[in-house]
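Biologist: Please take a close look at the aromatic rings of this model, and then place them in their surroundings. I should like the reasoning behind each classification to be set out in full.

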Amino acid sequence: MRLARTEPTDQEPDIRARPPLVREFLLVAGLFLAYKFGRQAANGHVEEAFRNAGNVWDLERALHLPGEGAVQGLLLHSQPLIHAANTYYAAVHFPATALFLVWLYWRRPAHYVRSRRVLAALTAAALGLHLLFPLAPPRMLPAAGLVDTGQVYGPTVYGQTPATDTMANQFAAMPSLHVGWAVMVAVGLIAATRSRWRRLWLLHPALTLFVVVGTANHYWLDAIVVVALLAVALAAFRLPLPARTVPARLPGGPVPASPPNPVPAGATDVRSVAQGTPEGTREPAPELTPSGVGR
């Protein structure tokens, strides 16, 4: 007996699709260092960054996007909530992405290779924009009237003097890699898992967007641009489907042969003619005698 069921094709890791561990560690570490040094190379350009910030702010108002202050106002009602948002911004971005890649490497190697390529392409495009379009975040823009929640309530990953910050480039708001990586983590896990609840991974980018806007570290346009870049990268490196319908048979059950094609009534069975055997239940024609009477 044969049954049709939906069965994941990658239920067990395909070891053949898993690239060498040492090579991948060095590759991912190299990409991380390139990301850090690239952001540092884009540091400075203070006047240009503030000029671009004013243009982005005016464009958002022209597009009637909701003000970033409306989101921050929800956080300012509770100091513990502000502290939690600052902690999420500072502590979740890199570890969540790293754990995502590690899990894919061990459990879904084919998905890992494609996800790593997408993240590398997205990060490279973001670094290019950081160099070409330095942008001061909304917490620095006087016209926005927003609070630097990291500096006021803590914790923060940025120095108090943005122009001389040696730890991070504070003028690299466009696009938001916090949002881009979070969306990629959600998309990758939805594609690589089979749980009916897997779409709940979208809560991660949704919460990340709420945090980066509410803490005044990014504009809405920073998130919109990075999602557009991610869509291009995903189209270039297609992710495998999570499951497909495959035939299955019960253990120990025989595989039935295909039924013979029926022969229409009154038609000649070609196989019987070829083998010289009777056609089943058809009566043979009577044999005539010389007198013309059948015997």
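Modeller: The model is a predicted one. In it, Trp 106 has a relative accessibility of 45% and therefore counts as partly exposed, because this value falls between the limits of 20% and 50%. Tyr 105 is at 5%, which is under 20%, so Tyr 105 is buried. Tyr 105 and Trp 106 belong to a cluster, joined by ring pairs, whose other member is Tyr 112.

The structure has 5 aromatic pairs. One of them is the pair of Phe 50 and Phe 171, with ring centres 6.0 Å apart and 65 degrees between the planes, an edge-to-face arrangement. This pair joins distant parts of the chain: Phe 50 belongs to helix H2 (residues 46-62), while Phe 171 lies in the loop between helix H7 (149-153) and helix H8 (177-192), and 121 residues separate the two. Phe 50 is partly exposed, because its relative accessible area is 31%. Phe 171, by contrast, is buried, because its relative accessibility is 1%. The pair of Tyr 105 and Trp 106 is also edge-to-face, because the planes stand at 90 degrees, with the ring centres 5.4 Å apart. A further ring has a charge as its partner: the charged end of Arg 61 is placed over the ring of Trp 57, at 4.1 Å from the ring centre.

The rings are set in a protein of 11 helices and 2 strands. From the N terminus, the order of elements is β-α-α-α-α-α-α-α-α-α-α-β-α. The protein has 295 residues, and 38% of them are buried. Among contacts with a separation of 6 or more, 81% are between residues 24 or more positions apart.

H8, which follows the loop of Phe 171, is mostly covered, with 15 of its 16 residues buried. Its end C-alpha atoms lie 22 Å apart, which agrees with the 22 Å that 16 residues should span at 1.5 Å a residue. H8 is also one of the elements against which the buried residues of H10 pack; the others are H2, helix H3 (68-75), helix H6 (109-132) and helix H9 (203-214). The buried residues of H10 in question are Trp 220, Leu 221, Asp 222, Ala 223, Val 226, Leu 230 and Ala 233. In general, residues three or four places apart in an α-helix point the same way, because there are 3.6 residues a turn. Helix H10 itself covers residues 220-236, and its 17 residues should span 24 Å; the end C-alpha atoms are 25 Å apart, which agrees.

Asn 217 is found in the loop between H9 and H10. This residue is buried, because its relative accessibility is 8%. Leaving aside residues up to four places away in sequence, Asn 217 touches two tyrosines, Tyr 89 and Tyr 158, together with Pro 137, Pro 138, Arg 139, Ala 173 and Val 212. The C-alpha atoms of Asn 217 and Ala 136 are 8.9 Å apart, although 81 residues separate them in sequence.

Asn 217 also brings us to the enclosed spaces. There are 2 cavities of 30 Å³ or more, and the largest holds about 90 Å³ of space. This cavity is lined by 13 residues, and Tyr 89, Gly 150, Pro 155, Thr 156 and Asn 217 are the closest to its centre. Helix H4 (79-91) and H7 are the elements that contribute two or more residues to this lining, and H4 contributes the most, with 3 residues.

The largest pocket has a volume of about 600 Å³. Its lining consists of 24 residues, and those nearest its centre are Val 28, Ala 29, Phe 32, Ala 98 and Leu 101. At least two lining residues come from each of helix H1 (21-41), helix H5 (93-107) and H6. The greatest contribution to this lining is that of H1, with 9 residues.

Notes:
Residues numbered from 1 in each chain as written. Predicted model: local features only at pLDDT ≥ 70, side-chain atom pairs only at ≥ 80, totals over all residues. Heavy atoms only, no water. Phe/Tyr/Trp six-rings, centres within 6.5 Å; stacked < 30°, edge-to-face > 60°. Helix = DSSP H or I, 4+ residues; strand = E, 2+ residues; numbered from the N terminus. Buried < 20%, exposed > 50% of the residue type's maximum accessible area, 1.4 Å probe, protein only. Lys NZ or Arg CZ within 6 Å of the ring centre and 35° of its normal. Expected span 1.5 Å × (residues − 1). Contact = heavy atoms within 4.5 Å. 1 Å grid on protein atoms, 1.4 Å probe; cavity = no way out; pocket = protein on both sides within 12 Å on 5 of 7 lines; lining within 4 Å. Points joined across faces, edges and corners; volume = space filled by probe spheres on them.
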